[in-house]
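Let's take a walk through a protein model together. Have the 3D view open and follow along as we go from stop to stop.

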Amino acid sequence: MQKSIRNYLSKTTEAAPLAAFRIFFGLLMCLSIIRFWYYGWIEKMYMEPAFHFKYWGFAWVQVPPNTVLYALFILCGLSAILVALGLWYRVAIVAFFLTFTYIELMDKTTYLNHYYFISVLSFLLIFLPAHRYFSLDAKRNPKLAVQRIPAYNIHAIMLLLAIVYIYAGVAKLHSDWMLHALPLKIWLPSKYGIPLLGDLMQQSWVHYLFSWGGAIYDLTIVFFLLYRPTRVPAFIMVVLFHVMTRVLFPIGMFPYIMIGSTLIFFSANFHHKLLTLLSRIFRINKAYFDNEKILHEFPPKGEIFAARKVTRAYLPLWRGLGGRPHSNLFTKIKIAILSSFLVIQLLLPWRYLCYPGNVFWTEQGYRYAWRVMLMEKAGYANFKIVEGATGKRLYVNNGSFLTPFQEKQMATQPDFILEYAHFLGETYTKYGYEDVEVYVESYVALNGRSSRPFIDPDINLLELRDTWQHKDWILCHSDIPVR
């Protein structure tokens, strides 16, 4: 077993696919930051709200002063450009991961699956030698330039993409999606204004076609991309699927990210042609990087590389930071980190099984599980402040503290409701109320069902704390299937 693992880690492949992926990722991330700024979302999402919802364990992440906030976005965009260029790559990718993730952690209201995907992908790229070929780092430092790298560096990205697609497909295998075409049956009829497609969006058979087609696509597309004879048709399907998704739903950059990312499944020859095209456009001498050098991060014991054009090099974690070559201990640490990271990604989406009830209703274990656009949820939450000493009570105008978008998100998510209740308790205590208690009257409608009571209205929410344990104060209903 150990020998098989060592042999696998010693296998090498062309570095061109990883270099092309780095360029695509960096450019698209820079475009995303520019787009976010252009649409005024920095002000709308982070400056205007008086209160920001926090991720569990990350309450310390605060929205900085406006000048620092703008600087944070600038640094994020600049680091993305440096990643694309492969200039000071290790510093740039770490800076991008930290700044982008910090931005996302500032307010839980903005959570999207593709934002989470960008964070985990950028973390993965920290440990990959994406700057060793067709980069300014390799141009500036010939000792850094290699043409071949260990194959597992590319396989790690493929595995992460497989997790995203397959888990998105598994998440669709529930009764609402497969048997009732929900929530597409709710969403698609509203697309009547789309040229040529508007009338089709009203047909029930189209709703079921999209539901079943989406599930089959997610569950199988990776396997068709891996199999060379079906790779090109599969990629055409990737483009059609994500373009259609972009036409029907306002989901930002996610379709483009997935289209570009799946190019990693193509052969090295394809990526060499792509890089050759870029070389001609920008007058780059690609031949400089085609030096036949090999990066052996974890060579088999006793193997000696005697070929004239082959070099033996070990990659410490801080190579891009100016570190000196060390033993392969650092490569072992790197592999341990990557393995642990990918195992976590494999296991994390299953944590919803630890909780009773329907995950779409309770949302316990819902995030970080690649559940993409699977439910239509609308809610109402009316908070009551009670002064324990006097019995005095009042009802809160949520609009005084939350933006409309925040209020919409809060009304259907239990952890939002609990966090907001604690905020209200602190706020009204500052206003001079004594022995404050906070209650909520809440109703939620899931996938077209009639609204149902959501949170136990008799529980003082200030007595509760958000933990990993089951939230037994979420009311369950027999007409919502357990899943």
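**Starting from one asparagine**

Find Asn-460, which sits in the segment after β6 (452–453). Before going further, keep in mind that this is a predicted model. Is Asn-460 buried or exposed? Its relative accessibility is 8%, and buried means under 20%, so Asn-460 counts as buried.

What does Asn-460 touch? Leaving aside its neighbours within four places in sequence, Asn-460 is in contact with Glu-437, Val-438 and Tyr-439. With Val-438 there's a closer look to be had: a polar atom of the Asn-460 side chain lies 3.0 Å from the backbone nitrogen of Val-438.

Now hop over to strand β5, which covers residues 436–446. Eight of its 11 residues are buried, so the rest of the structure largely encloses this strand. Which strands does β5 pair with? One of them is β3 (residues 377–387), and the two pair in the antiparallel sense over 11 bridges. You can spot this pairing at Tyr-439 in β5, which has Lys-384 standing opposite. Tyr-439 is also one of the residues that Asn-460 contacts.

Strand β5 is joined to β6 as well, by two bridges, and these strands also run antiparallel. Look for Val-444, whose bridge partner in β6 is Arg-452. Between the strands of this β5 and β6 hairpin there are five residues, and in the hairpin Asn-447 takes a positive phi near 50°.

**Over to a helix**

Next, look for helix α6, made of the 14 residues 113–126. How far apart should its ends be? At 1.5 Å a residue, the helix should span 20 Å, and its end C-alpha atoms are indeed 20 Å apart, so the two values agree. Helix α6 is mostly covered too, with 13 of its 14 residues buried.

Here's a handy thing to remember while you turn the view: an α-helix has 3.6 residues a turn, so residues three or four places apart point the same way.

**Last stop: the cysteines**

A disulfide is a covalent bond between the sulfur atoms of two cysteines. How many disulfides does the structure hold? The count is zero. Take Cys-354, which is in no disulfide: the nearest cysteine sulfur belongs to Cys-476 and is 16 Å away. For a disulfide the sulfur atoms would have to be within 2.5 Å, so 16 Å doesn't qualify. As for their surroundings, Cys-354 is exposed, with a relative accessible area of 64%. Cys-476 is exposed as well, with a relative accessible area of 54%.

Notes: Residues are numbered from 1 along each chain as its sequence is written. This is a predicted model: local features need pLDDT of at least 70, side-chain atom pairs count only at pLDDT 80 or more; totals for chains, interfaces and linings use all residues. Side-chain values use heavy atoms; hydrogens and water are left out. Helices (H or I, at least four residues) and strands (E, at least two) are DSSP runs, numbered from the N terminus. Buried means under 20% relative accessible area, exposed over 50%, partly exposed in between (1.4 Å probe, protein chains only). A polar contact is a pair of N or O atoms within 3.5 Å; within protein, one must be able to donate a hydrogen and the other to accept it, and residues adjacent in sequence count only if both atoms are side-chain atoms. Contact means heavy atoms within 4.5 Å. Two strands pair if DSSP finds at least two bridges between them. The expected span of a helix is 1.5 Å times one less than its number of residues.
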